[in-house]
Amino acid sequence: MSRTVPRTALLAALSLVTAAGATATAFGTTSGATAAGCKVEYQISNQWNNGFGANVVVTNTGDPVASWTVEWSYADGQKVTQGWNATITQSGAAVTAQSMSYNGSLATGGSTSFGFNGSHTGTNTVPATFKLNGVTCNGATDPTTPPTTPPTTPPTTPPPSGGKVDNPYAGAKVYVNPEWSARAAAEPGGTRVSNQPTAVWLDRIALVTGTSGTMGLRDHLNAALTQKGSGELVVQLVIYNLPGRDCSALASNGELGPTEIDRYKTQYIDPIAAILADPKYAALRIVTTVEIDSLPNLVTNVSGRPTATANCDVMKANGNYIKGVGYALNKLGSIANVYNYVDAGHHGWLGWDDNFGASAEMFKQAATAEGSTLSNVHGFIVNTANYSALKEDHFKIDDSVNGTSVRQSKWVDWNRYTDELSYAQAMRAKLVSLGFDANLGMLIDTSRNGWGGTARPTGPGASTSVDTYVNGGRYDRRIHLGNWCNQSGAGLGERPQAAPAAGIDAYVWIKPPGESDGASKEIPNNEGKGFDRMCDPTYTGNVRNGNSMSGSLPNAPLAGQWFSAQFQELLKNAHPAL
């Protein structure tokens, strides 16, 4: 993916960011089951020149609440400039942070967190008193002075072998990619999301070391150590450079030819593994999403299927998808602080009976190839860089209209699943039944599946027919489930968060919002990326999308390059709304 922020400028800016520093913890007193109480932990996570970042953890020690408001005042003229996971307002010295729609409910003992960036004038005293829903949380501890330079001696001792945690996202911050963040912040309204964590895509060999205009892998890991401070931090990497990559599409074809498996191993995976194994980075939790859009093609787009392509037949015959994924899992999974998550497509691709089980078997085959074992797979990820709705609320797979099953609607088309959450949980159960770890975790990419805005349905469609019922109530407003390129009407989805549902390790933004899926017309390039008509808004489709219009936005650049019009579309249609 192309990035235009100069590498030298980025590294200079990063040198100003500091490790975690001052904290204050405020407690409320409780007296009996009905007493109100609270605990607020305020931590200055980094500080530079006249700016700082802070993280606030709210714990309800009283009765359950449906929403929360945290209040405090600054003594030294500090100003909040942007925040996340809360609506933060300031009047003079008084600051108010209110819960969002997705994190307002707090049971007794329940916690949530939010963060923000701010400015200061040289003194940055931690607030002494906090209130939760009007209740004072007394007893703040005395803060310590935060550091003003990055740590010069990072951790050198890796965690013990087998010491991986069950869910790497639990209790951890997640790395904010400064390249993506700078681009997002430069967009009108972009500062509302520019501090969200997104993945670093390593989609060609040059990005491992970096170029004159991009950060390399070590640059990102060094920046992550700075962001980490004293807590835990997850870094998300996309491993995406298989030989003959993405055999059923052209927009994301890669630099390696179908037979270049040795080059994939020695020039791509081995250098990545060597960097990740550096003891300097042992304190980071490194999540890899391994080779999206690869293995399922060997089930759905080969001879015998109406969607077959010659390229996929080649990759199935030479076995290099299986070998490449197995090799990557083996090399990366042997590193104590690396957590491998394998791509498992999405419900609109693999949710049908003839795709679901066969794909799960294919995942197992790859996970045990090239010396790898199932233990090298920490979990799977679904909906990567796709648009499928997280949860459809207005119709269920078991519903029927006038005696006709929802599965018979044109939209569902006999699929077993209506959304990504139900698909992810079912795929997890299937994989565990095949021998994968019983604690297998799933990730769902929610970066572009919000489908909000004024067109978002508020109830089921008319019961005139099963099609009116489904089409009138579905959040996912694509013309067809097979449409995947720069979709018109799409919006940012659920913000990244840990452990949001049973079996789900996290909702994540793996596809950085605003980065193109592919060019709307042929554009010569040296990245191996072709022109796919599915990215052309005038294209009338093929068998893989029911010969429907592509639904893509016009004037899109190459895959991975910044696409301002898409970013603005995602902001406008975000759900939850910004």
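## Burial along helix H12

A residue is termed buried when its relative accessible area is under 20%. In this predicted model, that criterion is met in helix H12, which spans residues 466-473, by Val466, Tyr469, Val470 and Gly473. Viewed down the axis of H12, the buried residues lie within an arc of 85 degrees, and they therefore line one face of the helix.

The elements that cover the buried residues of H12 include two strands, E17 (400-401) and E18 (404-405).

## An open antiparallel sheet

Elsewhere in the model, an open sheet is built from five strands, arranged in the order E6-E7-E4-E9-E10 with antiparallel pairing. The edges are occupied by strand E6 (87-91) and strand E10 (135-137); each has a single partner strand, so one side of each is left without a neighbour in the sheet. On average, neighbouring strands of this sheet are turned by 25 degrees against each other, direction ignored.

In general, the side chains of a regular strand alternate between the two faces of the sheet.

## The E6-E7 hairpin

Edge strand E6 is joined to strand E7 (residues 94-98) by five bridges, and the two strands run antiparallel. Within this pairing, threonine 87 stands opposite glutamine 98 of E7, while glutamine 90 has valine 95 in E7 as its bridge partner.

Strands E6 and E7 form a hairpin, with two residues between them. In the turn, glycine 92 adopts a positive phi of about 65 degrees.

Notes. Residues are numbered from 1 along each chain as its sequence is written. This is a predicted model: local features need pLDDT of at least 70, side-chain atom pairs count only at pLDDT 80 or more; totals for chains, interfaces and linings use all residues. Side-chain values use heavy atoms; hydrogens and water are left out. Buried means under 20% relative accessible area, exposed over 50%, partly exposed in between (1.4 Å probe, protein chains only). Helices (H or I, at least four residues) and strands (E, at least two) are DSSP runs, numbered from the N terminus. The arc is that of the directions from the helix axis to the C-beta atoms. Contact means heavy atoms within 4.5 Å. Two strands pair if DSSP finds at least two bridges between them. Axes are lines fitted to C-alpha atoms, for helices over the stretch in contact, and angles run from 0 to 180 degrees between N-to-C directions.
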